[in-house]
Amino acid sequence: MIEEKVAKELDYSTQQITSKFTDYTYTVNTYVPNVKVLEGGFPVLYVLDGSSYFHLVKEAVRLQSRNAPKTGVLPAVVVGIGHGEDMHERRFFDFTGQAETYTYPARFKGKGHEKHGGAENFSRFLEEELKPSIQAQFPVNMQHEALFGHSLAGYFVLWQLFHHQASFQRYIAISPSIWWNEHELFSYASKFLKERPFAYEKLFIGVGELETFMVDDAQQIANKLQKIMDISFYEALEENHASIVPTVMSRAIRFVNKK
């Protein structure tokens, strides 16, 4: 079910989309550049945690695409996918893969969330509901679609790559929560490597110098994957988990625009 309203005097539209796969209503903001449509359609950048990052990413794309010959960034449609007031709890469901057990690190001190393992259904929402809706409404290039996520959403970006590689051509994982459930992403990565001698997708991984163990985790997974795919790994000096996204977003967008 889709309900739409156009944000007056703004450069984006807002939709409420209820997914039959997740039984949840998402707020979807969509920015379409006010320029001539590119041959083949506009690239699309899907932004997880849209309530936090849609506007930042939209402006980074808009500003850099003004001088595409120098930046290499094409005008693009930006789609932000946001949760409601239960965002903190719901993220741990939508963005985590299904497993027999779920283990939290000691630093959580026994505190966790009730529901996990909704990544497959969230992926189906993206592939079978959201993307067809965007493709039907706007002139987009279905061969130039990117997925962005930070933190636990960054975990989902990697999960999506490992389980549904062809769903996007470009992936951006900033400070991915590789630690989740005893580093299960490493086993997914190993299986991914065994099954595929080469991957055509591009992957940007960014992390802040001050994120301690998350730097090592991100570097390890980048080292594994660079054997078969085009990867950019970037460690931003003096940045932390909260500051990393605005610091590296423009760099990430430039990388996923590379041919």
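Visitor: In this structure, is D49 buried or exposed?

Guide: The model is a predicted one. Residues under 20% relative accessible area are classed as buried. The relative accessible area of D49 is 4%, so D49 is buried.

Visitor: Which loop holds D49, and what is its phi?

Guide: D49 is placed in the loop between β4 and α1 (50-65). Although D49 is not a glycine, its phi is positive, at about 55°.

Visitor: Which residue other than glycine has a positive phi near 45°, and is that residue buried or exposed?

Guide: The residue is T212, whose phi is near 45°. T212 belongs to the loop between β8 (202-208) and α7 (213-225). Exposed means over 50% relative accessible area. T212 has a relative accessibility of 54% and therefore counts as exposed.

Visitor: How many of the residues of strand β4 are buried?

Guide: Strand β4 covers residues 42-48. The strand is mostly covered, and the number of its seven residues that are buried is seven.

Visitor: Which strands pair with β4, and in which sense do they run?

Guide: With strand β6 (residues 140-150), β4 is joined by five bridges, and the two run parallel. With strand β5 (residues 77-82), β4 pairs over five bridges, again in the parallel sense. The partners are thus β6 and β5, and the sense is parallel.

Visitor: Which residues stand opposite L45 in β6 and in β5?

Guide: On the β6 side, L45 has A146 as its bridge partner. On the β5 side, L45 faces V78. The two residues asked for are A146 and V78.

Visitor: Which strand is joined to β6 by five bridges and contains the residue opposite H150?

Guide: β6 is mostly covered, with eight of its 11 residues buried. Five bridges link β6 in parallel to a strand that spans residues 170-174. In that strand I174 stands opposite H150, and the strand is β7.

Visitor: What separation do the C-alpha atoms of L38 and P139 have?

Guide: L38 sits in the loop between β3 (24-31) and β4. With a relative accessible area of 24%, L38 is partly exposed. L38 and P139 are 101 residues apart along the chain, and the separation of their C-alpha atoms is 8.6 Å.

Visitor: Which residue forms a salt bridge with R90, and is that residue buried or exposed?

Guide: Side chains of opposite charge can pair when their charged atoms come close. R90, itself buried at 14% relative accessibility, forms a salt bridge in which the closest N and O atoms are 3.3 Å apart. The partner is four residues away in helix α3, so about one helical turn separates the two. That partner is D94, which at 0% relative accessible area is buried.

Visitor: How far apart are the closest N and O atoms in the salt bridge between R124 and E128?

Guide: R124 and E128 are four residues apart in helix α4 (residues 119-137), which means a separation of about one helical turn. R124 is partly exposed at 33% relative accessible area, and E128 is partly exposed at 44%. In their salt bridge, the distance between the closest N and O atoms is 2.9 Å.

Visitor: Which residue forms a salt bridge with E127, and is that residue buried or exposed?

Guide: E127, partly exposed at 28% relative accessible area, takes part in a salt bridge whose closest N and O atoms are 2.8 Å apart. Its partner also lies in helix α4, four residues or about one turn away. The partner is K131, which at 4% relative accessibility counts as buried.

Visitor: Which residues are joined into one network by salt bridges that share partners?

Guide: The structure holds 10 salt bridges. Shared partners link some residues into one network, whose members are D11, K58, E59 and R62.

Visitor: Which residues gather in a patch of negative charge on the surface?

Guide: One member, E89, lies in helix α3 (residues 87-94). At 34% relative accessibility, E89 is partly exposed. The patch as a whole consists of E85, D86, E89 and E114.

Key: Residues numbered from 1 in each chain as written. Predicted model: local features only at pLDDT ≥ 70, side-chain atom pairs only at ≥ 80, totals over all residues. Heavy atoms only, no water. Patch = residues over 30% accessible without salt bridge, like charges linked within 9 Å, V, L, I, M, F, W, Y side chains within 5 Å. Areas by Shrake-Rupley, 256 points an atom, 1.4 Å probe, with all protein chains shown as cover. Salt bridge = Lys/Arg side-chain N within 4 Å of Asp/Glu carboxyl O. Lys, Arg positive; Asp, Glu negative; His and termini not counted. Charge placed at Lys NZ, Arg CZ, Asp CG, Glu CD. Buried < 20%, exposed > 50% of the residue type's maximum accessible area, 1.4 Å probe, protein only. Pairing = 2+ DSSP bridges.
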